[in-house]
Structures are given as C-alpha cells and as structure tokens.
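Hi everyone, thanks for making room for me today. Have the model open on your screens if you can, and stop me whenever you like.

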Amino acid sequence: MHAVVIGAGIAGLATAALLGREGYEVTVVDSLDEVGGRAGSFEEAGFRWDTGPSWYLMPEAFDHFFALCGTSTEAELDLVDLSPAYRVFHGDAPVDVHSGTEEVTALFESLEPGAGEKVREYLAQASDTYDMALKHFLYTTFSAPLNLVHRDIRTRISRLMALLTVNLKQYVGRTFSDARLRQILSYPAVFLSSEPAAAPALYSLMSHTDLVEGVRYPQGGFAAVVQAIYRQAQKFGATFRLGEEVTSIKVANRKVTGVRTNKGAIHADIVVSAADVHHTETQLLPPQLRTYPERYWGRRNPGLGTVLILAGVKGELPELAHHTLLFSQDWDPDFRAVYSGPEPSRPLGASESIYVSKTSATDPNVAPAGHENLFILVPVPAAEAPGFGNAYHAEESERVAAIADAALNHIAATAGVPDLVDRVVVKRTLGPADFAERYHAWSAGSIGPAHTLRQSAFLRGRNASRKVDGLFYAGATSVPGVGVPMCLISAENIIKRLRGDKSAGPLVR
C-alpha cells in the first residue's frame, strides 16, 4: 500500500513515520525546499531563530510518539527545564512565574491575599480536566459516540458542562481579582489561536501544562524537534519530494488514486493532507468532492494572524527571560484589534500584548558571543492585508515594518532597555501574507482555526473526507487542534482511522 502525505511539517513528518511503521510505502511532498513547515528556522549572520512553535509543553505527547517509533524523548532531544518558566510584564512591573503547584500557590498569595488556596484548587481541577482530555478527547476520531458516556465523563458531567457554558475570561474572573493573576491563567487561550472571552473554560486545563508540568526547552530549538521527527520518518522508509507543489488530488469513482504535482503524478492508495484543510478542500479537490466547501468556512473563526520579528541584538538582555510575555494593563483593546476589527486605540491593528522568546538565554548556539536573539510575536488580524515581511521577500510592507518598529520600542520602554533599538544588528520579519504564501494558510492565520466552543473536539471537523474514500487530514487545521503536541496526536489518529480503532485513548505499541 502506497501513501502520499501532503506537507512536511510536524504533522506530515509524524504521519509519515507512523504510516511507515504500519508498513506503508510513504512519499511526502512539500512545496518548500526544507522540512518543518510552520515550525521553521531562519539563520543570518550567526543568529538562528525558530519561526514557529517555541513552547515545549505536553511532554506526554512527545514521549508517546517517540515510544511508538521505538525510541524515546531522552534519546532524541536534549531538554532543559526553564526557571523561571516565563516572565510577565503587566505594564512595566515584571513577575517571574515558576512552575510547580507550591511555587504558583506562593506567587498568587503574594500578589493577592487568599488567592494561594484558590489557585491550588484551580490547578487541581485543571490537572483532572487535562487527564480527562488525554484519555477521552484527544486521541480519538470521535467515531464511537458511546465513548462520550464513559464512566469517567459521567461522574464529572456537571463540572464539564459548567466549564463549557462559560468562557475562560469569565471563569478566571469569578475567582481572582488581581489583573496579573487573571492574565497568567487566561493567556493560554492565545496558544489556542483564540481569546479568553471566546475559549470555553474547559481550556483552563492548559494551566496544567505550564504551571504544573513545567516548561522545557529542547536544545537546538524546535528545529531539533523537527529533525528528530524527520529521523523517525526516514527510519521507516519515507521518501521526500521537497520543492514540489501538489496541485490536485486524483480521484476515481470517489476513491483517491494519488496526487498531481507541478512535476508529474504520484499514485497512492491513501492520501493524508497535512496541509491547511481549507487549501486542501477548496484548491485540491473539485467542488462536488469537497467535505468542507467554501460556504463552510464563512461560518468559521480563522484564529489570529501574526507579525513575527527576528532580531539579533548586541549585548546581553537580562531584563528578558527565555519566555517573556508583555501584557497591556487593560488587554481588552488588544483582543478587539485582533478579532473584532478596527480599534481606535490600536491604529496599526496590532496587539500591544506581545510575546518575546530569547532562546539565547538557554542555548549557546543561536547567537554569536556577546549577542542575544529575540523572536517577537505580535498578534494581528488573520488577513493578508498587513502584507509581507522581509525574511523571505526583498521588501517588507510599510505596515509590517511599522508594527515591528512599534513592538521593539514597546519592549524597550516596558522592559527598561532604552537603547534596545540601537543595539539591533539584524532584523527580519514575517507578515501574515508570508503565512498565506508559504503555507497556504486560510485567511493568513498563523496558528490555525480558533479553539472556540463550536471549533473544539468533534465540532472542529473530522480527520477523514466524507466524499472521497482514502483521503485523510492531519495537522493544526484539523482535529484535535493547534500546537505541536496536537499535530503529533493527529498523526496517531490517522493510524486509528485506518485500523478502524474507535477507542478514545492513545495507541498501544
């Protein structure tokens, strides 16, 4: 049996590895000349930046994937525990967040008397919900409705329903008064391409990942993660055709027969698209064979777009941690600017709550001696309008340039580094149009469709076409959702679909 995988990002690589393990002959096709997809890497003048994921969370997903491949995380990656896990600026006041229930309890109590015991209870419930998600809602194709009435779910149904009927902003706000604490507990909604007011409170489970389990960094960055997964695909015999664009999926009698590329045709018994689902459905299939036609997408939320700034800076920056979150004291205008259209207080249409990764704090190989590398993520609306950056194009748009300059000045003022801009020796950018061009990202979204109530679990879609036998979907734009761990799980769910495995838990080796 021959399988073609479209896309050599995290999901495509993981799918290729697991299909090869199952005995398939696998060909992976990607329009880019390198593997990694949105988990990309960029180098210039001795600096290296990850241009996509940067938080190593949910270690269970990595451990399970590598175990399925006959190896281990320890054998494949060099992980470093981060302490602090991250730094938060609320206005210009920094707060260091250390992982662990006791550490978080002490921090919350110091910032809001009485909040310590409240967060202890909050995290206990988050951990229980997280465990439930792993057992029943992530490693599943939702092919067996009876799985949803499992005893674990029935005994928690009241709490689960309560978490689905309020949003994360409301849920956190009912318990905590201090704005900093509210932001620490609700910012993970952005990891889900959503906002606290739109993400169900069920996603409070995300606090288990950063506040309880902790945050790690793989030496070499996520480029090292990509290479580790790539090695597994190669080990199981996958063939890679890079720099080759899939132009259509070939179908006969509603059964997939392969793909056509800009360089010819490839036969396949099954096709797994780890490319953007919108692109797959609306560009690679004829209208009569689309499970998700264009009208379907008019009812969906594409999530957020981003402007990324890759800055090489001379001298040290102790004011910034490995992960730093700069939050506006009132961040509601930030979310309105990104999700609700023009916001008078945000004339560039970009959030002033931004994320900075300084991997040179942990990794000695990402910047020349005496320098730091900064990866800066600025949320913007999911639309091509802001234009291109200059990382992959000769010129950046005026708007992307303005957003990048504003972000650097904002970091300088907030973190107390007045000469930051003058110390920048390399500056490259990516705009939303880069995501649309390089990754065929729907509506130029950078992460994937938002995790709202209507776009979570089985409501997010399915990983198999209803119209074409043998066509499957993996990756952040499919189920179970966005993020590297979800992409790994989506690959495993392809195998479950092929096996007819309707269980709700991880595969047994």
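I'll go through the domains, two helix pairs, the empty spaces and a few backbone details.

One thing up front: this is a predicted model. The domain assignment splits the protein chain into three parts: domain 1 (2-40 + 61-78 + 221-299 + 451-499), domain 2 (100-213) and domain 3 (302-439). Notice that domain 1 is listed as four separate stretches of the chain. If you want a distance to keep in mind, the C-alpha centres of domain 1 and domain 3 are 29 Å apart.

Let's look at helix packing, with helix 5, residues 115-138, as our guide. Which helices does it cross? One is helix 4, residues 101-111, whose axis comes within 7 Å of the axis of helix 5, at a crossing angle of roughly 140 degrees. That crossing is right-handed. On the helix 4 side, the contact uses T101, E102, V104, T105, F108 and E109, and helix 5 answers with A115, G116, E117, V119, R120 and L123. Sorted by class, that contact has five nonpolar, three polar and four charged residues.

Another partner is helix 11, residues 206-213. Here the axes come within 8 Å and cross at roughly 115 degrees, and the crossing of helix 5 and helix 11 is left-handed. Helix 5 brings Y122, L123, A126, S127 and Y130, while helix 11 brings S207, H208, T209, L211, V212 and E213. The residues of this contact come out as six nonpolar, four polar and one charged. Do keep an eye on L123, please: it is listed in the contact with helix 4 and also in the contact with helix 11.

Now for the empty spaces. Rolling a probe the size of a water molecule over the atoms shows where space is left. Which domains share the lining of the second largest pocket? Domain 2 and domain 3 each give at least three residues to it. The volume of this pocket is about 220 Å³. It has 13 lining residues, and those closest to its centre are K169, R182, Q183, W331 and D332. Helix 8 (168-173) and helix 9 (179-186) are the elements that each supply two or more lining residues. The lining is a mixed one, with five nonpolar, four polar and four charged residues.

Then there are the cavities. How many are there of 30 Å³ or more? The structure holds four. The largest cavity has a volume of about 120 Å³, and of the 13 residues lining it, Y296, W297, R460, T477 and S478 are the closest to its centre. Its lining has seven nonpolar, three polar and three charged residues.

Last stop, the backbone. Most residues other than glycine have a negative phi, and most peptide bonds are trans. Here are some exceptions to look up. The bond from S83 to P84 is cis, with omega near 5 degrees, and P84 sits in the loop between strand 5 (79-81) and strand 6 (86-90). V479 and P480 are also joined by a cis peptide bond, with omega about 5 degrees; P480 is in the loop between strand 19 (471-473) and helix 19 (484-499).

As for positive phi, F142 has a value near 55 degrees and lies in the loop between helix 5 and helix 6 (151-154). S193 has phi near 60 degrees, in the loop between helix 10 (188-191) and helix 11.

That's my tour, and I'm happy to take questions.

Key. Residues are numbered from 1 along each chain as its sequence is written. This is a predicted model: local features need pLDDT of at least 70, side-chain atom pairs count only at pLDDT 80 or more; totals for chains, interfaces and linings use all residues. Side-chain values use heavy atoms; hydrogens and water are left out. On a 1 Å grid over the protein atoms alone, a cavity is a set of points where a 1.4 Å probe fits but cannot get out, and a pocket is an open set with protein on both sides within 12 Å along at least five of seven lines; lining residues have an atom within 4 Å of a point. Grid points are joined across faces, edges and corners, and a volume is the space filled by probe spheres set on the points. Helices (H or I, at least four residues) and strands (E, at least two) are DSSP runs, numbered from the N terminus. Ala, Val, Leu, Ile, Met, Phe, Trp, Tyr, Cys and Pro count as nonpolar, Asp, Glu, Lys and Arg as charged, and the others, Gly among them, as polar. Domain bounds come from an automatic or database domain assignment. Axes are lines fitted to C-alpha atoms, for helices over the stretch in contact, and angles run from 0 to 180 degrees between N-to-C directions. A crossing is left-handed if the near helix is turned anticlockwise from the far one by less than a right angle, and right-handed if clockwise. Contact means heavy atoms within 4.5 Å.
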